[in-house]
Amino acid sequence: MTSAPPDFAPLRTERLTLRPLRPGDAAALHRLVNDWEVAKTLARVPFPYPRALADTWIASTWAQIEAGEAWHLAVIGEEGGAEHLVGCVGLTLARARGRDGRTAELGYWVGRRFWGHGVATEAAGRLCRWALANLDIAAIRASALKDNPRSQAVLARIGLRPAGEGVQTFLSRGGPMPVLLFEGGREEITGDAAPPPLADAAPPPLADAAPPPAADAAPPPAADAAPPSLGGKPVLLVAAVALVDADGRVLLARRPEGKPLAGLWEFPGGKVKPGETPEAALIRELKEELDIDVSAACLGPFTFASHTYEKFHLLMPLYLCRRWQGEVRGVEGQALAWVRPQKLGGYAMPPADKPLVAMLRDFL
Ligand SMILES: Nc1nc2c([nH]c(=O)n2[C@@H]2O[C@H](COP(=O)(O)OP(=O)(O)OP(=O)(O)O)[C@@H](O)[C@H]2O)c(=O)[nH]1
């Protein structure tokens, strides 16, 4: 059994901290969960709840975090300058329960005296967003007793949608109980079905500002010309690159929590700012995101993505680059992966990238 606390950086929200449970939480955990009003809503909690079970449970959560199977965390609040346990929130990978699919199961409870303050929504929503950004999952599932409308409302507020009905064994109730099932993917939970362009991301000009007109230049656009749009949507110009190492592996970066489409893997790059060329944008982004220096001469145009998202049309030139200076590192804490071209399909990527992956596989 694990004896050191697991390596897990606490997740914070406006009012709460989510961190691994500690042995010192056992007494408070027991006090809060050994309450019929709480226990009766939980499938895997017996009632009465033996005090010793709190210690065993806390130790088991450490082992599960270390094994990458489940993340059951203490929800900690602050009152009068002192920290105290408010409840628990947890996610278990479906495969840890012997089921298929890239899903995780959400569970939570909140001590009775903290009810009615939105604690469950705040804590469970935070854990779900973290999980979608950091685990290899595409959806989160949960269930709530049919007679527990509060919990159903929490799940709906997080973004989970009704997904049918079922029956589950409740230890506390001593038998099977009818439950409502809920499910949500990245789009519902993080609310980024379509990442909106930034407010300042007016479609940028492709070339340097205002070059002198050549004799055969097309007439300049009228001052009131509408900004470029495709299919009635604003164009978002993004430059991206497939960095290829000496072993022929391609670098993917994981979109960090807080960004639209968090958790998906993508080619490094970013929006082309007004007045920038795509190459200049990439040189800037690669320095900012990966701390490497690249010269424009080493950026070979490869292909491009043209994809309509809900709110904009993405035009994304993809370059190939085999030479850079410096050691690649995720400056923004983003996960990185060097991936063999044949394995690229195993990574969840934005929809615009699908054709690019196929082309890279053929080419490399
Ligand atoms: N870098 C990159 N962006 C991609 C890829 N595929 C794809 O659809 N995109 C989309 O292109 C847009 C890039 O915007 P971004 O938010 O990463 O740009 P940025 O680095 O300038 O971000 P920032 O505005 O947070 O500084 C996003 O909407 C993203 O979803 C890809 O492979 N690489």
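**Exercise 1. How far apart do the C-alpha centres of domain 1 and domain 2 lie?**

Solution. The model treated here is a predicted one. As a starting point, the domain assignment of the chain gives domain 1 as residues 11-190 and domain 2 as residues 229-363. The C-alpha centres of domain 1 and domain 2 lie 36 Å apart.

**Exercise 2. Describe the contact between domain 1 and domain 2, taking the side that belongs to domain 1.**

Solution. Begin with the residue counts: eight residues of domain 1 are in contact with five residues of domain 2. On the domain 1 side, α4 and α6 (186-190) each supply at least two residues, and α4 gives the most, with five residues. Sorted by class, the residues on this side of domain 1 are four nonpolar, two polar and two charged.

**Exercise 3. Which residues of the largest nonpolar core touch the most other members, and where does this core lie relative to the two domains?**

Solution. The largest nonpolar core holds 90 residues, and those that touch the most other members are Val75, Ala123, Ala124 and Val241. Helix α4 (residues 119-134) provides the largest share of this core, nine residues. Because domain 1 (11-190) and domain 2 (229-363) both give residues to this core, it lies between them. The contacts of Val75 can then be listed: leaving aside residues up to four places away in sequence, Val75 touches Leu16, Leu18, Val86, Gly87, Cys88, Val89, Val119 and Ala123. As general background, nonpolar side chains tend to be buried together in soluble globular proteins.

**Exercise 4. Work out the order of the three-stranded open sheet that contains β11, and identify its edge strands.**

Solution. The three strands of this open sheet follow the order β12-β11-β16, with antiparallel pairing. The edge strands are β12 (265-266) and β16 (336-339), each of which pairs on one side only. Strand β11 (residues 250-254) pairs with β16 over four bridges in the antiparallel sense. At the level of single residues, Leu252 has Ala337 of β16 as its bridge partner.

**Exercise 5. Characterise the shell of residues around the ligand, first by proximity, then by element and class.**

Solution. The ligand is surrounded by 16 residues, of which the closest are Glu266, Gly269, Gly270, Pro350 and Ala352. Turning to the elements, β10 (233-243) and β13 (269-271) each supply at least two residues of the shell, and the largest share, three residues, comes from β13. By class, the shell is made up of ten nonpolar, two polar and four charged residues.

**Exercise 6. Leu261 and Asp291 each have a positive phi without being a glycine; is each of them buried or partly exposed?**

Solution. Take Leu261, whose phi is about 60 degrees and which is found in the loop between β11 and β12. Leu261 has 22 C-beta neighbours inside 10 Å and therefore counts as buried, since the cut-off for a buried residue is 20 or more. Asp291 also has a positive phi of about 60 degrees, and its place is the loop between α7 (278-290) and β14 (300-308). With 13 other C-beta atoms within 10 Å, Asp291 is partly exposed.

**Exercise 7. Where is the proline of the cis peptide bond between Phe47 and Pro48 found?**

Solution. The bond that joins Phe47 and Pro48 is a cis peptide bond, with omega about 0 degrees. Pro48 is found in the loop between α2 (36-39) and α3 (51-67).

Methods
Residues numbered from 1 in each chain as written. Predicted model: local features only at pLDDT ≥ 70, side-chain atom pairs only at ≥ 80, totals over all residues. Core = buried A, V, L, I, M, F, W, Y, C linked by C-beta atoms within 7 Å. Buried ≥ 20, exposed ≤ 12 C-beta atoms within 10 Å, placed from the backbone. Domains from an automatic or database assignment. Contact = placed C-beta atoms within 7 Å. Nonpolar A, V, L, I, M, F, W, Y, C, P; charged D, E, K, R; others polar. Pairing = 2+ DSSP bridges. Near = placed C-beta within 6 Å.
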